[in-house]
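Please read the following points with the sequence and the coordinates open beside you. They are arranged by topic, beginning with charged side chains and ending with a loop.

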Amino acid sequence: MTKRLKVGLIGAGAMGANHARVVATSLSADLTIVVDPVAEQAERLADSAGAAAASDHTALYKCDAAIVACPTEHHTAIALDLLDRGMPLLVEKPLASELSQVEKLIDAAERNDTPLTCGFVERFNAAVTTAVGLLDEAPIHILSTRHSPPTPRIATSVVYDLLIHDIDLAMRLVPQSTVEAAVGAAPQDAATGTAEVADCILRFSSGAVGTLSASRVSQRKIRSLLVSTSTELFDVDLLRQDVTVYRNVRQGQGGSPPGYQAETIIDIPFVRHAGEPLALQFEHFVRLVHGDVDAVVERASLLPPHLVAAEIDGTAIGRPTALTGATK
């Protein structure tokens, strides 16, 4: 019988609270300690999850694995220390605020042969896994919209906060292809001093094109993914976790009065909901720690979306290594 993991959590904010809830209800792990520099916040979340509280990340040394969900600017120092101690980590996205730091974390995980993954939670969205399973041919065009109302608590660029999810999904939808070019715009907002809107176009070596849009100034939350092949259109609603497949049979002019007519087959496939994506991500992390998921493959999947995100955000301009593919 596989032993239950003793898991520590650093970060008692909104995302940390979600991770605490997921770990506290897991059948394969126990949340043993919650760390936050604000002692009262750590204690409040720890009490709700039946864990101990601490204000310094060194308290995590006694754990089997840890989740890093503190503000992005603190990821590097904390994660490097833990990785050098051989502790498996799930680090919220982005891994770090600078590309060089992302590379340092991955290098440290490789050097210490330590499991490392990132909070790309959409990989575990049931609608995404259903659509991927139904794809019979390579995508030609991927169109994503990830818009949210303003979120004052987040200081990270919208590229690393939201757009990186769709960069990751686009690269996973075209796994045997590389990104030959990435162009976009992510202007700094005068009020916040960071990018709140970002759009980009990715050109893949297969000929596929990805058109991705992210915003934190919208008046409603949108999580839409359209995947076009030569014969089908997959309309993936990431919020409702459903999929609609369209196949156009014929089109033309007709009718009285004459106008455009189209005959389209619409399929609504069954989406198997195995659980909440965040919980599925955590169980994937548990399997990674136990060696049931290939740690080398997992680490290799982390850098490509960060590289392209850095290109779009303007922090990796001129780095051809930023344009590379990802595996499923």
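1. A salt bridge is taken here as a side-chain nitrogen of Lys or Arg within 4 Å of a carboxyl oxygen of Asp or Glu. The model is a predicted one, and in it Lys93, Asp161, Glu196 and Arg216 are joined in a network of such salt bridges. A search of the whole structure finds 17 salt bridges, and a few of them are taken up in the points below.

2. Within that network, lysine 93 pairs with aspartate 161, their closest N and O atoms being 3.2 Å apart. Because lysine 93 is in the loop between strand E5 (89-91) and helix H4 (99-111) while aspartate 161 belongs to helix H6, the pair ties together parts that are 68 residues apart in sequence. Both partners, lysine 93 and aspartate 161, are buried.

3. Another salt bridge joins the side chains of glutamate 122 and arginine 146, at 2.9 Å from N to O. Glutamate 122 lies in the loop between strand E6 (116-118) and helix H5 (126-134), and arginine 146 lies in strand E7 (residues 141-147), so this contact ties together parts that are 24 residues apart in sequence. Glutamate 122 has a relative accessibility of 9% and therefore counts as buried, and arginine 146, with a relative accessibility of 3%, counts as buried too.

4. Glutamate 276 and arginine 21 also form a salt bridge, in which the closest N and O atoms are 2.9 Å apart. The two residues are 255 residues apart and link distant parts of the chain, with glutamate 276 in the loop between strand E14 (259-267) and helix H7 (277-290) and arginine 21 in helix H1 (residues 14-24). Are these partners buried or partly exposed? Glutamate 276 counts as partly exposed because its relative accessibility is 34%, and arginine 21 counts as partly exposed because its value is 39%.

5. Helix H6, which carries aspartate 161, deserves a separate look. Its 16 residues (158-173) should span 22 Å at 1.5 Å a residue, and the C-alpha atoms at its ends are 22 Å apart, which agrees with that expectation. The helix nevertheless has a kink of about 45°, centred on isoleucine 164, and a reader tracing H6 may wish to look at that residue. Since 16 of the 16 residues of H6 are buried, the helix is largely enclosed by the rest of the structure.

6. How many aromatic pairs are there, by the rule applied? The count comes to one aromatic pair, formed by phenylalanine 282 and phenylalanine 285, whose ring centres are 6.4 Å apart and whose planes make an angle of 55°, so that the pair is classed as tilted, the class for angles that are neither under 30 degrees nor over 60. The two residues are three apart in helix H7, and they are therefore separated by about one helical turn. Phenylalanine 282 and phenylalanine 285 are both buried.

7. A charged side chain is also placed against a ring: arginine 85 lies over the face of tyrosine 61, at 3.7 Å from the ring centre.

8. Finally, the loop between H6 and strand E8 (179-185) contains glutamine 176. This residue counts as exposed because its relative accessibility is 77%, whereas the residues of H6 itself are buried, 16 of 16. The C-alpha atom of glutamine 176 is separated by 18 Å from that of valine 296, a residue 120 positions away along the chain.

How values were computed:
Residues numbered from 1 in each chain as written. Predicted model: local features only at pLDDT ≥ 70, side-chain atom pairs only at ≥ 80, totals over all residues. Heavy atoms only, no water. Helix = DSSP H or I, 4+ residues; strand = E, 2+ residues; numbered from the N terminus. Expected span 1.5 Å × (residues − 1). Bend = angle between axes of the 7 residues up to and from the residue. Buried < 20%, exposed > 50% of the residue type's maximum accessible area, 1.4 Å probe, protein only. Phe/Tyr/Trp six-rings, centres within 6.5 Å; stacked < 30°, edge-to-face > 60°. Lys NZ or Arg CZ within 6 Å of the ring centre and 35° of its normal.
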